[in-house]
Amino acid sequence: MSKLVFYNSLTRQKEEFRSINPGEVRLYTCGPTVHDYAHIGNYRAYIFEDLLRRTLTFFGYQVKQVLNITDIDDKTIKKSREQGLSLKSYTDTFTKSFFDDLKTLRIEPAEVYPAATEHIPEMIDLIQKLIDKEHTYTADGSVYFKISTFPDYGKLSNIQPDQLISSARGDSDEYEKEDVRDFALWKAWTEDDGDVFWEAPFGKGRPGWHIECSAMATKYLGTHFDIHTGGVDNKFPHHENEIAQSICGYGGPFVDTWLHCAHLMVNGEKMAKSLGNFYTLREILDAGFSPRVIRYFLLSAHYRQQLNLMYDPETGSHDSFNAAASALERIDEFKAKLADMKQHSAAGDLISRKTIELLDHSRIAFKDALANDLDISGALGVVFGMIKEANKRIASGELSNMDAQAVYERLLRWDEVLGVLEPDQTDEIDAASIEALIAERNQARADKNFARSDEIRDQLLADGIIIQDTPQGTKWRKK
RNA sequence: GGCGGCGUAGCCAAGUGGACUAAGGCGGAGGUCUGCAAAACCUCUAUUCACCGGUUCGAAUCCGGUCGCCGCCUCCA
C-alpha cells in the first residue's frame with residue numbers, strides 16, 4: 001500500500017504521514033471570515049482541503065474535520081455597523097452563502113463548523129490560562145501575548161523574531177504594544193465596536209483574531225491533533241501565533257503536520273480588488289461556467305503551486321475554464337460510452353487479462369500519485385492515460401462489455417476523490433420521448449430527409465440533449 | 001532588506017539522479033466514422049527541460065552562480 005507523504009510546512013520537507021490515533025485523522029481547516037461573498041481564490045483553498053479529506057478517506061482513514069467560521073473581526077464589525085445591522089444578522093448572510101458555495105462545488109462537509117461568537121467562553125478560558133502562566137501583559141484594557149516568553153516563536157514561518165522589529169510596517173503602533181511582534185488576545189471595547197462586546201475577567205471587549213482557532217481546535221480535536229490547513233498567507237502571523245498560544249496555554253505538542261495552499265493568481269497577478277481582477281464564485285457562475293468546470297480547474301494543479309486563472313470577462317477570455325470544460329467533456333464522453341457498453345454485459349462474462357493489467361497498473365499509479373503530497377496532476381495523468389488506452393481498445397474492438405463495466409467502476413471509484421464526474425442521468429429526463437425523436441430522426445435519415453433529421457437534432461440540442469451517430473447506433477446524453 | 005517558491009512544447013502542467021528516446025490536458029495538423037457534423041475516436045505535435053559552470057558512469061532532477069517571475073513579512077485562502 002502506498003504510504004501517504006505530505007510536505008509539512010513546519011519542517012519544510014516531505015514526511016511520511018502517521019496519524020496520532022491509528023486509522024483516524026483529526027484535521028483543522030482555517031475557514032472564512034464572513035464579511036463578504038467568498039471569492040474564487042478562497043475556494044481554491046477549500047478545494048484543496050476537500051482533496052485532502054477525500055484522499056485521507058480514500059486511504060482508509062476516518063476523518064474528523066473542524067472548519068471554523070470567523071464571524072467577528074474588525075471587518076465584520078465595521079461593515080455590519082455601516083449597514084445598521086446586528087453583527088449576527090450581517091454575518092448570517094455570508095455564512096449561508098459560504099455553505100451554499102461549498103455545496104455547489106461539491107466540497108464534502110466537515111464534521112464541525114464552529115462559529116467564533118459561540119466560543120467566547122473557551123477563548124476567555126485560554127486567555128486566562130495564558131495570563132496565569134505569565135505569557136501576557138495588559139495595556140489599555142487589551143491583553144497581549146508576549147512573544148519573548150515563547151522561544152520557539154517563528155519556527156513555522158522560519159522567521160527570526162528580531163527580524164520583525166525592523167521590518168514591521170504599517171500601523172503597528174495602533175495599539176499600545178510593548179513590542180511590535182506581540183499580538184492581541186483580547187481587544188478592549190471601543191466606541192467603534194458598538195454593542196459588540198463580551199464581559200471577561202480581564203475586561204469588556206472582544207477576542208483577537210488568532211485566539212479562536214486555538215480555542216476551537218482544542219475543544220473539538222484535543223490539544224494535540226494531526227493536520228492543520230490554511231492558505232500560505234496564514235502561515236505568518238496567524239498560524240505562528242496560534243502555535244504560540246496553544247503550546248503556551250495548553251502545553252505542547254500542538255499540531256503535527258501543517259499544510260499550506262498557494263494562492264490563485266488571475267492573469268498572472270495576485271487577485272485583488274484594487275487590480276480589478278477580483279471575482280466571487282457567484283460572478284463566475286453567473287457568467288455561465290458550471291460548478292463542475294470551476295471545481296476541475298481549481299483542483300487540477302498541485303496545491304503548493306500557484307495556480308493561474310486566465311480569465312477576463314471584459315475581453316471574453318476564459319482559457320482556463322475552456323480547457324477544464326474540454327477535459328471534462330472527454331471524461332464524460334468516455335464514461336457515457338462505457339455506461340452504454342456495460343449494459344450489454346452478461347452475468348458470467350469474464351474480464352480480460354489485458355483489462356485487469358490495465359486496471360491494476362492504473363489503480364496503483366493513481367494511488368501513488370495522491371500519496372505523494374496530493375499530486376493531483378499526476379493522478380489526472382493516470383486517469384487520462386487509462387482513458388486513452390481503453391479508447392484505443394474500444395476502437396479496435398478489444399474491449400468487451402464486461403471489461404467496460406470494470407473500467408467504469410474504476411472511474412467511479414476514482415471520482416470519490418476527484419468529485420468531478422457528472423452524476424448518472426436521472427429519471428427527470430423523459431428518456432422515452434427522446435428515444436422517440438431519435439427514432440423519427442433515423443427514419444428521416446433513412447428517407448434522406450436530412451432537413452427534418454437536422455431539425456430534430458437541433459431541437460434536441462436546444463433541450464440540452466447531445467446526440468451522436470456511432471456505428472452502434474445513435475447515442476444521446478445530457479449536455 | 002528578511003524568508004520562501006518557481007522558470008519544462010503556442011498555453012496549462014507532471015516529472016521523488018538511471019528503462020526521460022520528458023506524463024496528462026488545452027490548442028493546432030492529419031486521418032477514421034458519418035448523408036453531413038460543430039461531436040466522438042485514432043495518430044502526430046519538446047533530440048529538450050531559463051542561462052552558465054560543477055558533482056556523477058549517468059542530472060530536468062544534486063551543488064554554485066547569473067537572469068527573469070511570483071508570494072509572505074500583523075488580521076488577506
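**Notes on the cysteines and the RNA contacts**

1. The sulfur of Cys213 sits 4.0 Å from the closest cysteine sulfur, the one in Cys30, and that is too far for a bond. A disulfide would need the two sulfur atoms within 2.5 Å. Bear in mind that this is a predicted model.

2. Searching the whole structure turns up zero disulfides. Cys30 is accordingly in none, with the sulfur of Cys213 as its nearest cysteine sulfur. Are these two cysteines buried or exposed? Cys30 counts as buried because its relative accessibility is 9%, and Cys213 is buried too, with a relative accessible area of 1%.

3. On to the RNA. There are 60 residues around RNA strand B, and the ones that come nearest are Lys75, Val180, Gly231, Asn234 and Lys270. On the RNA side, sugar and phosphate make up 61% of the strand B atoms that come within 4 Å of the protein.

4. Which part of the protein gives the most to the surface near RNA strand B? That would be helix 12 (residues 376-395), with eight residues. Sorted by class, the surface near the strand has 22 polar, 21 charged and 17 nonpolar residues.

5. A few contacts go to the bases of RNA strand B. Leu264 has a backbone N or O atom 2.9 Å from a base nitrogen, and a polar backbone atom of Ser377 is 3.2 Å from a base nitrogen. With Arg441 it is the side chain that takes part: one of its N or O atoms lies 3.4 Å from a base oxygen of the strand.

Note on methods:
Residues numbered from 1 in each chain as written. Chains lettered and ligands numbered in written order. Predicted model: local features only at pLDDT ≥ 70, side-chain atom pairs only at ≥ 80, totals over all residues. Heavy atoms only, no water. Buried < 20%, exposed > 50% of the residue type's maximum accessible area, 1.4 Å probe, protein only. Near = heavy atom within 4 Å. Polar contact = N/O pair within 3.5 Å; in protein donor to acceptor, adjacent residues only side chain to side chain. Helix = DSSP H or I, 4+ residues; strand = E, 2+ residues; numbered from the N terminus. Nonpolar A, V, L, I, M, F, W, Y, C, P; charged D, E, K, R; others polar.
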